[in-house]
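Dear colleague,

Please find below the structure that I am handing over to you, together with its sequence. My findings follow directly after it.

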Amino acid sequence: MASIDLQLAHYYSTLDDGRIADAVSLLHEDVQYAIVLPNGVVRGSHRKDMQAYLESRPPVQRKHHLLRSARDGDAEFVYGAVTDDGNVTGRFTAVAHVDGAGMIDAYQVTFDLELVVVPMEENA
């Protein structure tokens, strides 16, 4: 289980609580992002665009299970599994740049339906 205190971890836990506005408040207003999904890439350059994307997703009980995490200076990395309504839907890898004020100003995440790099524990 990932245990490092990261802005990315805080972002995902806030999203998992259903608090989208609070989660995107952790992003710089002009955040650059790329969300690489099996059906295409979502790109943006503003916090309000990220919020609109997140609010457009289907209503499910989504949870990000962080299995590995690391920080190197101003860059944060996480790997984990995603569950929707309790069922594993895939794995993700995310990297973020955190500015001097603690805001995520660049974010890239990939999501894959099949590849398992690190297995999820039964009780995660």
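I begin with a hairpin formed by strands β5 and β6, which have five residues between them. Within that turn, Gly 102 has a positive phi of about 85°. Please bear in mind that this is a predicted model. Strand β6 covers residues 104–112 and runs antiparallel to β5, with eight bridges joining the two. Across this pairing, Thr 93 stands opposite Thr 110 in β6.

Strand β5 also pairs with β4 (residues 75–84); these two strands run antiparallel and are joined by 10 bridges. Thr 83 has Val 88 in β5 as its bridge partner. The hairpin of β4 and β5 has two residues between the strands, and Asp 85 takes a positive phi near 50° there.

The aromatic residues deserve separate mention. There are three aromatic pairs in the structure. One of them joins Tyr 12 and Phe 92, whose ring centres are 5.1 Å apart, with 55° between the planes, a tilted arrangement. Tyr 12 belongs to helix α1 (residues 7–16) and Phe 92 to strand β5 (residues 87–98), so this pair ties together parts that lie 80 residues apart in sequence. Both Tyr 12 and Phe 92 are buried. Ring pairs link these two residues with Tyr 11 and Tyr 107 into a cluster.

Which residues have the most contacts inside the largest nonpolar core? They are Tyr 11, Tyr 12, Met 50, Phe 92 and Tyr 107, in a core of 26 residues. At least two residues of this core come from each of α1, α2 (20–24), β1 (27–37), α3 (47–56), β4, β5 and β6. As general background, nonpolar side chains in soluble globular proteins tend to be buried together.

Tyr 107 has an extensive list of partners, even when residues up to four places away in sequence are not counted; among them are Leu 8, Tyr 11, Tyr 12, Tyr 33, Ile 35, Met 50 and Val 95.

Finally, is Leu 54 in helix α3 buried or exposed? Its relative accessible area is 5%, so Leu 54 is buried, the cut-off for that term being under 20%. Apart from neighbours within four places in sequence, Leu 54 is in contact with Tyr 11, Leu 15, Ile 20 and Val 24. By contrast, 14 Å separate the C-alpha atoms of Leu 54 and Val 41, which are 13 residues apart along the chain.

With kind regards

Note on methods. Residues numbered from 1 in each chain as written. Predicted model: local features only at pLDDT ≥ 70, side-chain atom pairs only at ≥ 80, totals over all residues. Heavy atoms only, no water. Phe/Tyr/Trp six-rings, centres within 6.5 Å; stacked < 30°, edge-to-face > 60°. Helix = DSSP H or I, 4+ residues; strand = E, 2+ residues; numbered from the N terminus. Buried < 20%, exposed > 50% of the residue type's maximum accessible area, 1.4 Å probe, protein only. Pairing = 2+ DSSP bridges. Core = buried A, V, L, I, M, F, W, Y, C linked by side-chain atoms within 4.5 Å. Contact = heavy atoms within 4.5 Å.
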